[in-house]
Amino acid sequence: MLDPHPTSFLSQRRLENGKDAMVPIKPESPLNLPTQKLSLGCPVLDRLVRGGLPVGSVTELAGESGTGKSQICLQLLLAALRPPSLGGLSAASLYIHSEFPFPLRRLRRLLTPFAPSSVVPTPLDHIFVRPAHSPDDLLSLLTAVDALLARPPSALPVRLLVVDSIAALFRSEFDNTPADLKRRSSLFFKIAAKLKEQARRFEAVVVVTNQVVDVVGGSESYGSSGNAIRVGNYGSLWSSGRRVCPALGLSWANCINTRIFLSRSDDIVRNERALVDEESDDRVHGTVVRTRRKMEMVFAPHLPEASCEFVIVSEGVFGVEAQRA
């Protein structure tokens, strides 16, 4: 008969009578262990992700064009410069972009609210930008990045790595043939393995952006038919009135630790004082066509299903507090 109280889960405690007693130790889940996190730059968004994006793992931001993926990435570049007491990493960043041009003008507009000179005197000196033109180019670049992460050129360590976007690199590089699909999957695993290695080795936050594709045919649930397989908390994902799923399929989904889905939809708002997304404010016949944006946790080892709305304004990306009924 097995001992219901194995000694590996017992500890000694001195009783009042001077005798020792064995008491069970409650095992602690590794998901509850303290991990340094990078703030998204907004308390509402940080609550959604339980304090920020964790170091040592790969987080994906998936969504169609115009949902705010790159905006959030730019905000993270500046948030990383802040000290840990303000949710940052006191660290520099590397931004690898596959879509051109790099949004330098927008980054400059975010400097004042997120990286004032009182916190970081020269913030742009600690943000390194590199282009990638193909999956093979990205893999070679990541290999060369080891030296940058080990011996950063600035006074700050590089602890944030952004790839924007992973899907753009694979979009027109491969044909739908068995040989090309096999090579594509091989590159997925090599790139993901390198990103995870760098995240763990250098205690870095790794963020990749991904695009979406339309779900063609089938019923309302993933897996029954159509071109989507359910992965994570949601049976279906919607954006701009279309059912979509993150690009690159199941092979890539298995390569990342966390997937966050960004979506958008247009509403007609008649109240002129309503909170309006400055990226898409369109006034027609006395009304406002407002773009509503939503952030949803698709899967993460440490987070439950959750979502919140957010807006993009000149000062950055900010979550919207849910209104109580």
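This section describes the packing, strand pairing and polar contacts of a predicted model.

The nonpolar interior is considered first. In soluble globular proteins, nonpolar side chains tend to be buried together. The largest nonpolar core here comprises 44 residues. Within this core, Leu-78, Leu-160 and Val-207 have the most contacts. Helices and strands both contribute. At least two core residues come from each of α1 (43-48), α2 (69-79), α4 (111-114), β8 (158-164), β9 (205-210), β13 (258-269), β15 (287-299) and β16. The biggest share belongs to α2, which gives seven residues. Apart from this core lies another, of 41 residues. Its members include Leu-141, Leu-149, Phe-170 and Val-208.

Helix α2 merits a closer look. Of its 11 residues, 10 are buried, so the helix is largely enclosed by the rest of the structure. The buried set is Lys-69, Gln-71, Ile-72, Cys-73, Leu-74, Gln-75, Leu-76, Leu-77, Leu-78 and Ala-79. Cys-73 has a relative accessible area of 0%. Leu-78 touches Leu-107, Leu-110, Leu-111, Phe-114, Ala-115 and Ile-127, with residues up to four places away in sequence not counted.

Residues of α2 also meet Ser-39. This serine sits in the loop between β3 (37-38) and α1. Ser-39 counts as buried because its relative accessibility is 6%, under the 20% cut-off. Beyond its neighbours within four places in sequence, Ser-39 is in contact with Asp-46, Gly-51, Gly-52, Leu-76, Ala-79 and Gly-87. Two of its side-chain interactions are polar. One joins the side chain of Ser-39 to that of Asp-46 at 2.6 Å. In the other, the Ser-39 side chain reaches the backbone nitrogen of Gly-41 at 2.9 Å. Ser-39 and Ala-80 are 41 residues apart in sequence, yet their C-alpha atoms are 7.8 Å apart in space.

A buried polar site also occurs in strand β15, which holds Thr-291. Thr-291 counts as buried, with 3% relative accessibility. Its side chain makes a polar contact of 2.9 Å with the side chain of Asp-266. A polar contact of 3.5 Å joins Thr-291 to Arg-264, again between side chains.

Strand pairing is illustrated by β16 and β17. Strand β16 spans residues 307-313, and strand β17 spans residues 316-320. The two pair in the antiparallel sense over five bridges. Together they form a hairpin, with two residues between the strands. One bridge matches Val-311 with Phe-318 of β17. In a regular strand the side chains alternate between the two faces of the sheet.

Aromatic rings form four pairs in the structure. Phe-170, Phe-188 and Trp-252 are linked by ring pairs into a cluster. Phe-170 is also among the residues of the 41-residue core.

Cysteine sulfurs were examined last. A disulfide is a covalent bond between the sulfur atoms of two cysteines. The structure has zero disulfides, with a cut-off of 2.5 Å between the sulfur atoms. For Cys-308, the closest cysteine sulfur is that of Cys-42. The separation is 7.5 Å, which is too far for a bond. Cys-308 counts as buried, at 13% relative accessibility.

How values were computed: Residues numbered from 1 in each chain as written. Predicted model: local features only at pLDDT ≥ 70, side-chain atom pairs only at ≥ 80, totals over all residues. Heavy atoms only, no water. Pairing = 2+ DSSP bridges. Helix = DSSP H or I, 4+ residues; strand = E, 2+ residues; numbered from the N terminus. Phe/Tyr/Trp six-rings, centres within 6.5 Å; stacked < 30°, edge-to-face > 60°. Core = buried A, V, L, I, M, F, W, Y, C linked by side-chain atoms within 4.5 Å. Buried < 20%, exposed > 50% of the residue type's maximum accessible area, 1.4 Å probe, protein only. Contact = heavy atoms within 4.5 Å. Polar contact = N/O pair within 3.5 Å; in protein donor to acceptor, adjacent residues only side chain to side chain.
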